[in-house]
Amino acid sequence: MTLELKHVTKKVQSETHIQDVSLAFARGTLNVLLGPTLSGKTSLMRLMAGLDAPTEGKVCFDGKDVTGVPVRKRSVAMVYQQFINYPNLSVYENIASPLRVAHVAKAELDRRVRETAALMKLTPLLERKPLELSGGQQQRTALARAMVKGADLVLLDEPLANLDYKLREELREELPRIFSATGAIFVYATTEPVEALLLGGSTATLAQGRVTQFGPTVEVYRRPNSLETARIFSDPPLNTISVDKAGGELRSAGDLFRLPAASFLAGLRDGAYRIGIRPDHLFLLRPGPDALAQTGIVAMTEITGSESFVHIEFGGERWVALAHGVHRLGIGQPVEFYLDPSRFFIFDAAGALAAAPGLKRAA
Amino acid sequence: MARIVLDNIAHAYGPAPTGPQDYALKRLDHVWEDGGAYALLGPSGCGKTTLLNIISGLIIPSHGRVHFDGTDVTELPTAARNIAQVFQFPVIYDTMSVANNLAFPLRNRGVAKDEVDKRVREVARMLNLTALLDRKARGLTADLKQKVSLGRGLVRADVNAILFDEPLTVIDPQLKWQLRAQIKALHREFDLTMVYVTHDQTEALSFADKVVVMYDGEVVQMGTPEDLFVRPAHTFVGYFIGSPGMNVLPAEVQGRRAVLPGGHEVALDAFYPNLPQAARMEIGVRPEFVHLSASGAGLPVTVKRVDDIGRMKVARVDLDGRGLNVLAAENAVIDGDKSRIVFEPGHVHLYADGHLVDPQMHEQAGG
């Protein structure tokens, strides 16, 4: 089965919630919708589920147009951040409830409930009532109830926003197995880049109701096609600086550094660009002979034990370097750091990716 | 501001607790130093919110006393404790302006108008809210509402402590960075005692000077982020802090070596002459300190899977039926399914029944 959105637009009165979105998800895949609050993740899911009908465009399952088909006639399960359980039923009965409604035979029901409970690490809690559980355990119960149905389309709207990140790690381990077992299409909305990367699969980045890019998660991360995608998919935030390309040279705003327009930069037209640099590519130790040494002022350091986030004032921008190990740096002190041009993304004035190492340029 | 002492606290939600299993919070003594920035970190259900509610006065503990600067406040309600609280969902009045929201806690206490105006302006300046003072709170974005919520806590001059309960959970990642930086700056500027509850390790570790890790109603370790990472006091801390968590393997200690299942030997950095009898012995080593070895040295493993998580790669390897995680660089090339792993010296810890065993650097005479 495939789920296809074809040029879908959703307007509510004069407001455009979804703008001309086309996406195709295959059976047995995980698809992440990544974007900030109000970027259209929930609106898009409601269109996929059939809870809302698009103003324009089509929704197709296996090529069949289901645009007007209501949610109850589709095989869809949905889990929200604000989850719901039946307070007077045990965890077991909560998970079993969709199967009871579907008159699944007792032995089969028991097997599926226990299997799903084991997956969600709820086995020791099956006899408890939801109110005797922690928030995370309640959310896992809601997740299990969505999973147990064996729906063709499972929509998860920030389901782990209230949960321990450890569960996300474990889900990453387990999800591929669940997918191959159920064959369902999973769609997972999140605001967090790290969560998308941990989950893997494919990712569609969203901004203001548009899909800015769709592809395998790691590819979208490594090769964002626009400044917008790069920003959405960067945590800590992407570091950027304006540069001017003239002749054989790129010159940064404030003339903080100059860079020969060699190798992957050679084909750039003269003009204004913006360089994007991921925080883990801002180095406190020289990464190689071609690195550019720069000096900034330490604004703050945050030390996680294994890594340090060093906030640096540089050329009027607030940058963040994510460095391995513990770096205790005094606030207000100068700090030397290194830029590695082989890690640069170069975006043009319109925000499109213009150059990056290994990027094939259109003729 | 205050030094907060929890003296022999325990809490059970049920009326007649019969054993440890009935306690959401098991016996604990704890001191929150005046002006400290603390994070309370643990999985859902570990008791961290219960502990926070005991400090704020929302819960009267079933055992023990709570002292603020030497005064017993155990039975005092929240309002009498001068505690400011910031919750996951901002608590503000939508129909009031930002200025009136900020002024509310002061007007409520009958503070003079001039003083109210002065404090409101000061707090608004600190939080970059000045331009929004006349705006209605309704329609503000979640992060701005959370700032107003925080401002309402800061506006009072007599605040003993600010308690945060998952304050950034509903904030977009990009804005989390700004808001957290601002909270940290406020802490530095005003020396406020702050206790910050979260399930997010990055948030806890980057915010706090001291992190308190809770598990199953108990504090399993309190330390700097570095302590928790470099020397986890309990295998749970090793698992919970770090992503992926610490690798833990059963081991038998023989002199300065640990013998793993399958007979593989790992050199230990220290002597352990006085190991507890009959304890379950394990070694723990973080994925950051396990390296895939190109040469012939190291323990033989099968590479099951390599997960590319963007900034780095996680190799899932199998050592005689036991799974281990190994971190490798973003651009690392991991070929084939056979490899070897080596543990970085100084980062292999020994655990007895889950608890870190203190190493002895020198062999004891006759030991």
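Two strands are taken to pair if DSSP finds at least two bridges between them. By that rule, strand β21 of chain B and strand β22 (residues 355-356) of chain B are partners, joined by 2 bridges and running antiparallel. The model described here is predicted, and this small piece of chain B is a handy place to start reading it. β21(B) and β22(B) form a hairpin with 2 residues between them. In the turn, B:Asp353 has a positive phi of about 50°. Just before the turn, B:Ala352 has B:His355 as its bridge partner in β22(B).

B:Ala352 also takes part in another pairing, as the bridge partner of B:Met281 in β21(B). That pairing links strand β15 (residues 281-285) of chain B to β21 (residues 349-352) of chain B through 4 bridges, with the two strands antiparallel. β21(B) is thus joined to β15(B) and to β22(B).

A second hairpin of chain B is built from β18 and β19, again with 2 residues between the strands. Here the turn residue with a positive phi is B:Asp320, at about 45°. The strands β18 (residues 312-319) and β19 (residues 322-329) of chain B run antiparallel and are joined by 8 bridges. To find the register by eye, B:Lys313 may be used, whose bridge partner in β19(B) is B:Ala328.

Taken as a whole, chain B holds 8 helices and 22 strands. Its C-alpha trace spans about 75 × 50 × 40 Å along the principal axes. Of the 367 residues in chain B, 43% are buried. Among contacts in chain B with a separation of 6 or more, 66% are between residues 24 or more positions apart.

The helices of chain B offer a packing example in α2 (residues 98-108) and α4 (residues 142-154). Their axes come within 7 Å and cross at roughly 30°, and the crossing of α2(B) past α4(B) is right-handed. On the α2(B) side the contact is made by B:Val98, B:Asn101, B:Leu102, B:Phe104 and B:Pro105, and on the α4(B) side by B:Val148, B:Gly151 and B:Arg152. By class, this contact has 5 nonpolar, 2 polar and 1 charged residues.

Attention now turns to chain A, which is divided into domain 1 (2-231) and domain 2 (237-355). The centres of the two domains, taken over C-alpha atoms, are separated by 37 Å. Contact between them involves 7 residues of domain 1 of chain A and 8 residues of domain 2 of chain A. The side of domain 1 that touches domain 2 in chain A has 3 nonpolar, 2 polar and 2 charged residues.

Chain A contains an open sheet of 6 strands, with mixed pairing and the order β6-β7-β8-β3-β9-β10. The edge strands are β6 (76-79) and β10 (210-216) of chain A, each of which pairs on one side only. From one strand to the next, the twist averages 15°. Within this sheet, β3 (residues 30-34) and β8 (residues 185-190) of chain A pair in the parallel sense over 5 bridges, and A:Leu33 stands opposite A:Ala189 in β8(A). Helix α1 (residues 41-49) of chain A packs on the sheet, where it touches β3, β6, β7 (153-157), β8 and β9 (202-207) of chain A. The direction of α1(A) makes about 160° with that of β7(A). Helix α4 (residues 135-148) of chain A lies across β6 and β7 of chain A and runs at about 170° to β6(A).

α4(A) also has a part in helix packing, for the buried residues of α2(A) pack against α3 (106-119) and α4 of chain A. In α2 (residues 91-101) of chain A, the buried residues are A:Val91, A:Asn94, A:Ile95, A:Ala96 and A:Leu99. After α2(A) comes A:His103, with a positive phi near 55°.

Finally, the two chains meet in a contact that takes 33 residues from chain B and 34 residues from chain A. On the side of chain B that touches chain A, at least two residues each are supplied by α5 (173-190), α6 (201-207), α7 (225-230) and β17 (299-308) of chain B. By class, that side of chain B has 14 nonpolar, 11 polar and 8 charged residues.

Key:
Residues numbered from 1 in each chain as written. Chains lettered and ligands numbered in written order. Predicted model: local features only at pLDDT ≥ 70, side-chain atom pairs only at ≥ 80, totals over all residues. Axes fitted to C-alpha atoms, helices over the stretch in contact; angles between N-to-C directions. Domains from an automatic or database assignment. Nonpolar A, V, L, I, M, F, W, Y, C, P; charged D, E, K, R; others polar. Buried ≥ 20, exposed ≤ 12 C-beta atoms within 10 Å, placed from the backbone. Left-handed = near helix turned anticlockwise from the far one by under 90°.
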